[in-house]
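Here's a quick walk through some strands and the helices that lie across them. Have the model open as you read.

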Amino acid sequence: MTTTAPAPSPEVSDFLASPVLHLIDGRNVPSASGEVFPTVNPCNGETLTQVAFGGDEDVNRAVSAARRALDGPWGRMTPAQRSKILWRVGDLLEERVEEFALVEALDNGKPLTYARLVDVPLSADWFRYMAGWPTKLEGSTIPVTSTAAPGDYLAYTVREPVGVVAAIVAWNFPLLLAAWKLSPALAAGNTVILKPAEQTPLSAALLGEVLREAGIPDGVVNIVQGDGENVGAALSAHPGVDKVSFTGSTEVGRHIVGAARGNLKKVTLELGGKSPNIVFGDADIDAAIEGAAMAIFFNQGEACEAGSRLFVQSTVYDRVVEGVAEIASTLKVGDSLDPDTQMGPVVSEKQLDTVLGYLDSGRAEGATAVTGGGRKGDVGYFVEPTVLVDTTPNMRVVKEEIFGPVVTAIPFDDIDDIVRTANDTEYGLAAGIWTSDVSKAHNVAAGIKAGTVWINSYHVLDPALPFGGYKQSGWGREHGAAVLDAYTETKTVILKKG
């Protein structure tokens, strides 16, 4: 059956008809330099619209606005008032789900169906979950018992906002990652400068509209568009920024750490991964096959926690590889707006070249593609879903993060060996385990050095569940109660009685 991709809605067409500007101090403003850059549709390489290209002066204006707002109406709001605003953001996102999903699909390339069912609803969920936290950021009363402090004291702690937060997000889940950063930062009472990825700037601009409509005061959230070399670097080094929260590559994360040294600002990093997905012979094999395919091909493989290293016990290796390859070969790869599309293009021509370079490297080093292995078509940035076998531990396709729809399938026999092999990586973001043996599942999970371990499942995320990495996959945790530690300072107050 032939399907036709829908045309953009009137609202989205109107949105794309004008250049996308910065949001600074409650107003949409062009760059001080007047420069713009194009954002393109990865399905066809055509320009969607022009976007303001930020620089030092724009960053300075945004930081100044955020510092003023920190001591202004936002700082004087009660926790209950902040809660109502954050809940309202979730409601407004839900009301505009079609508009946001369409913009996300056009700008990022992910299937419209998935943006509608996953990205936008989850973003609303994050704001609603974090809306419950402003009224629950409690301190504690602590007895003073030290013999070095004779006397009677009242000692207590309070949680206070860190201050001005720079939130720098990646391009694979543009709206959702913005929600991940903004919702806890705002819940804790901070002000924020959001820097969207230059590849996917559009949904952040729409989110700015929603935030203002929900009642966020001017200057509390500022959005500066542009690239990492200019805007990201300026924010990371700016003395008026108290904290950087970054999601992206490990390489860029290192640069941010270096730039943040000037005023020793706080830094949290959610970085890369090369996650192991382990299938034991006693697993529900049909479920494991579906889960392994989803672990790598969901969102075109552009997920930091993607199950890109598939380890399968030898007794079921051929069956699992055949099953994953069959799913890969039958996935509908196409235009993001086509309702039948299951996998869209990678985000940019640069990312296309990166993924194809890894495929070339794998072949040169002896890997074999059971299915896929190349570009799909000659229009847009489409990559065939690929399953590689005959790989060895030192191959680049096994060691390095590809960030595309490419999985390496590797057989194993010994349980102890597979734990060591799974941990043989500089990353430690996530892992998957497929088995019907509960004891084995927990024992292997205990041995895996990763921030999240899924058992008989993959890609399960929730606002209440901490998420982050071991080793070079990052510093700190997103989500749940743990994320509030990243956006608050604990102050101890000691009063001598009498």
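## Before we start

When a helix is said to lie across strands here, contact means heavy atoms within 4.5 Å. Angles run from 0 to 180 degrees between N-to-C directions. Keep in mind that this is a predicted model.

## The seven-stranded sheet

Let's take the sheet first. It's an open one with seven strands and mixed pairing, in the order β13-β14-β15-β12-β11-β16-β17. At the edges sit β13 (368–371) and β17 (452–455), each pairing on one side only. On average, neighbouring strands of this sheet are turned by 25° against each other, direction ignored.

Zoom in on the β13 edge: this strand pairs with β14 (residues 386–389) through three bridges, in the antiparallel sense. Here you'll find Thr371 opposite Val387 of β14.

## Helices across the sheet

Helix α12 (residues 317–330) lies across β11 (276–279), β12 (309–313), β13, β14 and β15 (406–412). Relative to β14, helix α12 runs at about 155°.

Then there's helix α16 (residues 438–447), which lies across β11, β16 (430–434) and β17. Its angle to β16 is about 160°.

## A hairpin at β3 and β4

Now jump to β3 (residues 36–41) and β4 (residues 46–52), an antiparallel pair joined by six bridges. Thr39 has Thr49 in β4 as its bridge partner.

The two strands, β3 and β4, make a hairpin with four residues between them. Have a look at Gly45 in the turn: its phi is positive, about 75°.

How values were computed:
Residues numbered from 1 in each chain as written. Predicted model: local features only at pLDDT ≥ 70, side-chain atom pairs only at ≥ 80, totals over all residues. Heavy atoms only, no water. Pairing = 2+ DSSP bridges.
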